[in-house]
Amino acid sequence: MTAHAPDMATLSAYLDGELGISERRQLDAHLATCRPCALQLAALQALAADFAKLPQENLGFDLAGVIEGRLAVAPRPRGKPRTARWWGLLPVSLGAAASIALGVGMGSALFGGAAVTPRVTAMSVFDTLPPGGLCLGAESCYGKGARK
Ligand SMILES: [Zn+2]
């Protein structure tokens, strides 16, 4: 706790009687001379009083007992848990690689050399100038690496 402006947690601990004797005495002395902190403590006390007025909700049964009962009758997995091995994933990875290779091959067969043009166009997003951007100067538009 600092000499001035105790934080909300400290005030709450003070209110709940959770501070040590020396800390409580320091805060008592501070609250006697600091109006903002005293008002903050009064607001916390009012809040605690309002919470105490709220009705207690009662389920009417022991929820923990119900959960424990359901866990007790739930089926448990039998035997040793199966561990994954790398060769277990081999058919999946081979299938994925074959699918990608087939897709690339079919795309190349369908579009031939024209497939290169859309890829270059798509990569223009990474140019130094955005599409439709204005030139700041000849060097920025026509310099090395700028869009042609
Ligand atoms: Zn204060």
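This report describes the helices of a predicted model and the contact between two of them, H1 and H3.

## Overall architecture

The secondary structure of the protein chain consists of seven helices and zero strands, so that, read from the N terminus on, its elements follow the order α-α-α-α-α-α-α. Burial is counted for 3% of the 148 residues of the protein chain. Where contacts in the protein chain join residues at least 6 apart in sequence, 35% of them link residues that are at least 24 apart.

## Helix H3

Helix H3 covers residues 35–53, and because its 19 residues should span 27 Å at 1.5 Å a residue, the 27 Å between its end C-alpha atoms agrees with that expectation. The helix is hardly covered, with a count of zero buried residues among its 19.

## The crossing of H1 and H3

The axes of H1 and H3 come within 10 Å of each other and cross at roughly 60°, an angle that makes H1 oblique to H3. The crossing of these two helices is right-handed.

On the H1 side the contact is made by Leu11, Ser12 and Leu15, while H3 contributes Gln40, Leu41, Leu44, Gln45 and Ala48. By residue class, the contact of H1 with H3 divides into five nonpolar and three polar residues, with no charged residue taking part.

## Ser12 within the contact

Ser12 lies in helix H1, which comprises residues 8–15, and is one of the residues through which H1 makes its contact with H3. How is Ser12 classed by its C-beta neighbours inside 10 Å? It has 15 such neighbours and therefore counts as partly exposed, since a residue is buried only if 20 or more other C-beta atoms lie within 10 Å of its own, and exposed if 12 or fewer do.

Ser12 can also be placed relative to Ala48, a residue on the H3 side of the contact: the two are 36 residues apart in sequence, and their C-alpha atoms are 9.7 Å apart in space.

Methods: Residues numbered from 1 in each chain as written. Predicted model: local features only at pLDDT ≥ 70, side-chain atom pairs only at ≥ 80, totals over all residues. Helix = DSSP H or I, 4+ residues; strand = E, 2+ residues; numbered from the N terminus. Contact = placed C-beta atoms within 7 Å. Expected span 1.5 Å × (residues − 1). Axes fitted to C-alpha atoms, helices over the stretch in contact; angles between N-to-C directions. Parallel < 35°, antiparallel > 145°, perpendicular 65-115°, else oblique. Left-handed = near helix turned anticlockwise from the far one by under 90°. Nonpolar A, V, L, I, M, F, W, Y, C, P; charged D, E, K, R; others polar.
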